[in-house]
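Reader: I am new to this structure and would like to learn how to read it. May we begin with the surroundings of the ligand?

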Amino acid sequence: MCGIIGYVGKRDLASVLVAGLERLSYRGYDSSGIAVISKGELSAWKSEGKVQRLIDRYIKSIKISNATVGIGHTRWATHGEPTDINAHPQLSSDQKIGLVHNGIIENFAFLKKNLQPRYLFKSETDSEVAAHLIEAEFHRTHSFLQAFQKTLSQLEGTYALAIISEHDPQTLFAARLGSPLIIGLGEDENFIASDLVALIPHTRNFIYLADNEWAIISASEVQVYDQAGNRVKKAIKHLKINDSDLHQPAKGHFPHYMLKEIFDQPEILKRILSTYTSDEVELRFKSLAAHTDPLKKCEKFLIQACGTSWHAGLVAKYWLEEFAHISTEVDISSEFRYRKILARNHDILLALSQSGETADTLAGIREVRKLYNKLPVISFINRSETTMEHESDAIIPSLAGTEIGVASTKNYIAQLGTLFLFALYLGQLKGILTAAKIAEYLRAFAMLPALINKILAYRKTIKAISSRYATDKGFLFIGRGMNYPNALEGALKLKEISYLYAAGYAAGELKHGPIALIDENMPVIALIPHTSNYSKMMNNLEEVRSRKGRIIAIVTEGDKDVTAIADTVIPIPAIIEELSPLLTIIPLQLFAYDIAVALDRDVDQPKNLAKSVTVE
Ligand code: F6R
């Protein structure tokens, strides 16, 4: 994953680079570093831990004068532990070349073998090999530009690279293959970064590097070349961005972003309803205007996504099949891209992603493009100006707003909300749902914000319940039908922020194996609102009970039967079955949050994770 920043110009380099790294930290935060060229000499500072640790250890006390060019990196470890040495920038043996890398150099072991022992490797990273390779090529060619080009031609895998060197101390070299890299244009200064987020405080003019392109960037000029070394004339994209987009949303009175984002959910659903309906009676998806014909004819959806977004896809399958009668396959992107993808003329690919940068999901889109270049690709994305947006035929924004907590909460609700309305829209388009039926569903949808607020008002009780389970070591989550994906999502939320083991199952699967785990030490979180599966879920709860499992049940208010056999119940308001996943998920988010807080975990930036997963 990792975030890259680079700058060439006259500003205070350390502050530009460090501010950029702070904005890029969502891409990885296990270590960070910067390198600059000052008075012709390269210096680097690197630290394990978050960017703040780099600042405290070095940046606060260093004074860099007359620096011309610099690079910075915030890391999510792939090869080598998160240590000072493995942090980027990685340097050549002679310490004259520094580089930062996002991606994976897959042939690094082969290249390294050829360079050792002449070149001294210090780290365990795959990235370091590129620095030594440039040095080796420089010794052969005596031209830094040629050395850079020769190096690119030998690298296999994926990369966004930013390189500085004492051999060309006024210039930033950059290259892209598979990992995003954007050039920000200024006056007598230029920038590069993995993401616009790091550039928007400085400029509104951008050049998007395409795969296999590379660039030579000085303070006054940007030259972009293709793989063969031909100069490419790139369009400059001017973006209108509000000043409010420059600022990270504030936490307000909430102790963590995650909790704030859980509380943001009612407002997000209001926004989604008003954006995708006219007066809350008719569905409208403006971005699909050019695609109504393929949508009407669509025979099968292929959904692919990762993690929480995949869970949203699993729920959407029920809606698309029920409302639009379109058969739907849902795949985990990292599996999808490597299986035999069978699609026919009237199929459509749906990609779901909060970040719009997830490498596996992008690769799934590219694989489909390669195999079936006419198959329409519609992506549900939260962030704007992303690689996925550029590679899709149409996008449906999830409208969750900036999500900072690494564990996705409000984007999950936003994805569910947009996918529900999208499925209704298709039912409308195909004439399957009557206007009256659609109006009924929309009325129910309009009640969601108030109903979620009601669950949120129950927060103290949920906190008291959660704290009783903070010393448990493992959890099972079970659900059926449309609430089965929430069993997976509830377990994922708990695992990622509390570091406790949890697994989600379709409740009917318990007897096929996991029931062996159940005894008095095993809390079982059951999603059992009043839906068509209620009695089947009851049977499963009886099976848990007879093996002494401790049941925490999410029930519809007023439920008596579950209350009689569960250890604890968390009531949610009544709602139609089709919308029940948008309510049952709320107590699960709070449960995970409260346990993580009780265990003193880093809730917003849990260990080993990153907000945007840009490596395979
Ligand atoms: C879990 C979580 C991840 C993401 C996954 C996909 O809380 O956030 O599982 O859902 O990495 O990310 P996007 O949606 O950005 O493609």
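Reader: Which helices each supply at least two residues of the shell around the ligand?

Author: In this predicted model, two helices do so: helix H8 (307-324) and helix H15 (484-498).

Reader: How many residues surround the ligand, and which are the closest?

Author: A residue is counted if one of its heavy atoms lies within 4 Å of the ligand. Here 15 residues surround the ligand, and the closest are Ser 309, Ser 353, Gln 354, Thr 358 and Glu 496. Sorted by class, the shell holds five nonpolar, eight polar and two charged residues.

Reader: Why does the ligand lie between domain 2 and domain 3?

Author: One looks at which domains give residues to the shell. Domain 2 (255-455) and domain 3 (458-604) both do, and therefore the ligand lies between them.

Reader: Which polar atoms of the protein are paired with oxygen atoms of the ligand?

Author: A pair of N or O atoms counts as a polar contact if the two are within 3.5 Å. In the side chain of Glu 496, an N or O atom is 2.5 Å from an oxygen atom of the ligand. The backbone also takes part: an N or O atom of Ser 408 lies 2.9 Å from a ligand oxygen, and a polar backbone atom of Val 406 is 3.4 Å from one. As for area, the ligand taken alone exposes 410 Å², of which the protein buries 89%.

Reader: What is the rank of the pocket whose space the ligand takes?

Author: That space is the second largest pocket.

Reader: Let us turn to the backbone. Where are cis peptide bonds found?

Author: The angle to read is omega. The bond from His 88 to Pro 89 is cis, with omega near 0 degrees, and Pro 89 is placed in the loop between strand S4 (67-75) and strand S5 (90-91). Another cis bond joins Gln 116 and Pro 117, where omega is about 0 degrees. Pro 117 belongs to the loop between helix H3 (108-115) and helix H4 (128-141).

Reader: What is the phi of Lys 548, and where is this residue found?

Author: Lys 548 is not a glycine, yet its phi is positive, at about 70 degrees. The loop between helix H16 (534-545) and strand S26 (550-556) contains Lys 548.

Key. Residues numbered from 1 in each chain as written. Predicted model: local features only at pLDDT ≥ 70, side-chain atom pairs only at ≥ 80, totals over all residues. Heavy atoms only, no water. Polar contact = N/O pair within 3.5 Å; in protein donor to acceptor, adjacent residues only side chain to side chain. Areas by Shrake-Rupley, 256 points an atom, 1.4 Å probe, with all protein chains shown as cover. 1 Å grid on protein atoms, 1.4 Å probe; cavity = no way out; pocket = protein on both sides within 12 Å on 5 of 7 lines; lining within 4 Å. Sits in = over half its atoms within 2 Å of the grid points. Helix = DSSP H or I, 4+ residues; strand = E, 2+ residues; numbered from the N terminus. Nonpolar A, V, L, I, M, F, W, Y, C, P; charged D, E, K, R; others polar. Domains from an automatic or database assignment.
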